[in-house]
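Here is a protein chain to get to know. Take a look at the structure first, and then we can walk through some of its residues and how they pack.

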Amino acid sequence: LCAALQALCFVPLIVSALAHEIDLVLLFAVSSLYWGLGMSTGPAWTTWASSLVPKRLRPAFFANRARASQLALVLALVGGGMILQLGKEDGAEFEAYALIFTLALAARGVSASFLYSQREPRTLEIGETSISPAVISKHVRTGGHGRLLLFLLTFQAGVMVASPYFTPYMLAELELSYLQFTLLTATAFGARVLALPFLGRSIRRVGTKKVLWRAGLAISTFPILWLITDHFAWLLFLQVISGVGWAAFELASLLSFFERIPPHGQTSVLTLYNLANATACLLYTSDAADE
């Protein structure tokens, strides 16, 4: 249901693009609904996926799944940029946006249809549905999953402080062209695609926990390397190692959810985690905007 409603969010964007105008309030409302529905699918999907994929197959399966997803993102990024560029050159920029939104609607619609067609192998226990402050404190004090979620929230908070400045830095301070910016972004995604099969085998060999904290440590130190030089070749190299680091972190995080959080509590606990993560994103983004 959430995925199907998320696809329908593109309809007002398509209509507005063809009309060559959109109300700002409507734009914010549609964007908020789109991302809210997307985050709402996460906890249920994670619980569901853990029952679909056998434990011994998860590292390889989710590495290959993430690889396909990252490849699709690269193709979408490059394809969307080409459509906008061609539309701008032909004086049909709004029509180009309408085409991109239409493709996005179709893709999300296909995704929703596949979700609907997949059966559940067994009845899933939802577990605790009331997450009070006392329950939150218990999760943090006892069990590895509480400390895992606290670590991920703290890490994401640090990322949110820094991430709003990267794009303005590249476009305004370094004065990179849109082509260079696109190449840098695509390079990071491309590195993820190439690294994921190796990372799946690495997790099977050394364990999820080691890969997670090593990736987190590496990501935390990567930005320092931007201070060495702003030569474009160096920035491409940094995007490669950054892409590998983020691929390791995201894959290890997902597998940690399956390994650390009890199945009966996954939906409720991850819902709380998404709420906390989104709240932190809102607060830090507001602070960045004020600055």
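## A walk through the model

Let's start with Glu259, which sits in helix 11 (residues 232-260). Helices here are DSSP runs of H or I with at least four residues, numbered from the N terminus. Glu259 is partly exposed, at 46% relative accessibility. That label covers the range between buried (under 20% relative accessible area) and exposed (over 50%), using a 1.4 Å probe and protein chains only. The C-alpha atom of Glu259 is 8.7 Å from that of Lys55, although the two residues are 204 apart along the chain.

A quick word on where all this comes from: it's a predicted model, in which local features need pLDDT of at least 70, side-chain atom pairs count only at pLDDT 80 or more, and totals for chains, interfaces and linings use all residues. Residues are numbered from 1 along each chain as its sequence is written, and side-chain values use heavy atoms, with hydrogens and water left out.

Now for the inside. Nonpolar side chains tend to be buried together in soluble globular proteins. A nonpolar core is a set of buried Ala, Val, Leu, Ile, Met, Phe, Trp, Tyr and Cys residues joined through side-chain atoms within 4.5 Å. The largest one here has 32 residues, and those with the most contacts inside it are Phe62, Leu199, Phe249, Leu251 and Phe257. Two or more residues each come from helix 4 (58-89), helix 7 (144-162), helix 9, helix 10 (208-221), helix 11 and helix 12 (266-290). Helix 11 gives the largest share of this core, with 10 residues.

What does Leu199 touch, leaving aside its neighbours within four places in sequence? Its contacts (heavy atoms within 4.5 Å) are Val244, Ala247, Ala248 and Leu251. Apart from the largest core lies another one of 8 residues, among them Leu174, Leu176, Phe181 and Leu235.

Two loop residues, neither of them glycine, have a positive phi:

| Residue | Phi | Loop between | Relative accessibility |
|---|---|---|---|
| His20 | near 65 degrees | helix 2 (10-19) and helix 3 (24-52) | 41%, partly exposed |
| Glu175 | near 55 degrees | helix 8 (166-173) and helix 9 (178-206) | 64%, exposed |

Finally, look at Ser16, which has its place in helix 2. Ser16 is buried, because its relative accessible area is 11%. Not counting residues up to four places away in sequence, Ser16 touches Glu21, Ile22 and Leu26.
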